[in-house]
Amino acid sequence: MKTYMRIMLLLLVVVLSGCTPIASPEQVQGLTKEEAAQIASAAVRQYYRVDVDTMDRDITLEDPAKLVESTTGEPIFRGIPVHVVLKRDPAPGEITAYHAIIDPNSKQALSVSIDVAEPDDKPSPASKETDLEQAAAEFIRNQKLLTPTAFQLVKSSFANPDDLKRYFYYTDGLKAIAIGVDTQLQQVVTFTYI
């Protein structure tokens, strides 16, 4: 009977361990969760001019070595993705989450995105394409993401007023960047060096 109980207990442990979600690693390539969240928080403060606290948020790191393209086997990201998500219901207009891709060597953000809760007031009508393009260009200039005199619009996504984001692609010699503008908020909510 003892052998039967041990086998059943072992099977239960195996089944339960297979059913539990995989936890975020505490550290990836020498970068800890807390350090990554602080770098991402500083980037949100710098680029979006918003202070965000990490105290009431879940922090998740992803290992880029496990995120590879199926056809080439190459990593999808050039850095370590970190996600900082609010644990409670957000207030209108509050940042519900922010995401960054961090270079583990330089500890610099290569990409920063924010998710904003819908404001209480009625959303404004979708912006004209020229307004969205101007918002993206001004963000690049104000944040000095590329050389101010050398960047140009290379490609933009299809304009659909129902889209939350509109992407613009700029280049500066060998550098390229994608800028995302929320059509309802009429503000930049993401950028990524590509």
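What share of the contacts in the chain with a separation of 6 or more comes from residues 24 or more positions apart? In this predicted model, such residues account for 49% of those contacts. That figure makes a handy starting point for a walk through the fold and its charged pairs.

The chain contains three helices and 10 strands. Read from the N terminus, the order of these elements is α-β-β-α-β-β-β-β-α-β-β-β-β. Of the 194 residues in the chain, 34% are buried. The accessible surface amounts to about 12200 Å², and carbon and sulfur atoms contribute 56% of that area.

Attention now turns to the charged side chains. Side chains of opposite charge can pair when their charged atoms come close. In this model the count of salt bridges is seven, and several of them are worth a closer look here.

One of these pairs joins Glu26 and Lys33, whose closest N and O atoms lie 3.5 Å apart. The two partners sit in contrasting surroundings. Glu26 has a relative accessibility of 52% and counts as exposed because it passes the 50% limit. Lys33, by contrast, has a relative accessible area of 12% and is buried, since this value is under 20%.

A second pair is made by Arg45 and Asp51, with 2.8 Å between the closest N and O atoms. Here Asp51 is exposed, at 62% relative accessibility, while Arg45 is partly exposed, with a relative accessible area of 39%.

A third pair brings together Arg88 and Asp56, and their closest N and O atoms are 3.0 Å apart. Arg88 is found in the loop between strand 4 (80–86) and strand 5 (95–102), whereas Asp56 belongs to the loop between helix 2 (33–48) and strand 3 (57–61), so this salt bridge ties together parts of the chain that are 32 residues apart in sequence. Both residues fall in the intermediate class of accessibility: Arg88 is partly exposed at 42%, and Asp56 is partly exposed at 27%.

The Arg88 and Asp56 pair also belongs to a wider arrangement. Together with Glu94, these two residues are linked in a network of salt bridges. For a reader following the structure on screen, the loop between strand 4 (80–86) and strand 5 (95–102) is the place to find Arg88, and from Arg88 the network with Asp56 and Glu94 can be traced.

Note on methods
Residues numbered from 1 in each chain as written. Predicted model: local features only at pLDDT ≥ 70, side-chain atom pairs only at ≥ 80, totals over all residues. Heavy atoms only, no water. Helix = DSSP H or I, 4+ residues; strand = E, 2+ residues; numbered from the N terminus. Buried < 20%, exposed > 50% of the residue type's maximum accessible area, 1.4 Å probe, protein only. Contact = heavy atoms within 4.5 Å. Areas by Shrake-Rupley, 256 points an atom, 1.4 Å probe, with all protein chains shown as cover. Salt bridge = Lys/Arg side-chain N within 4 Å of Asp/Glu carboxyl O.
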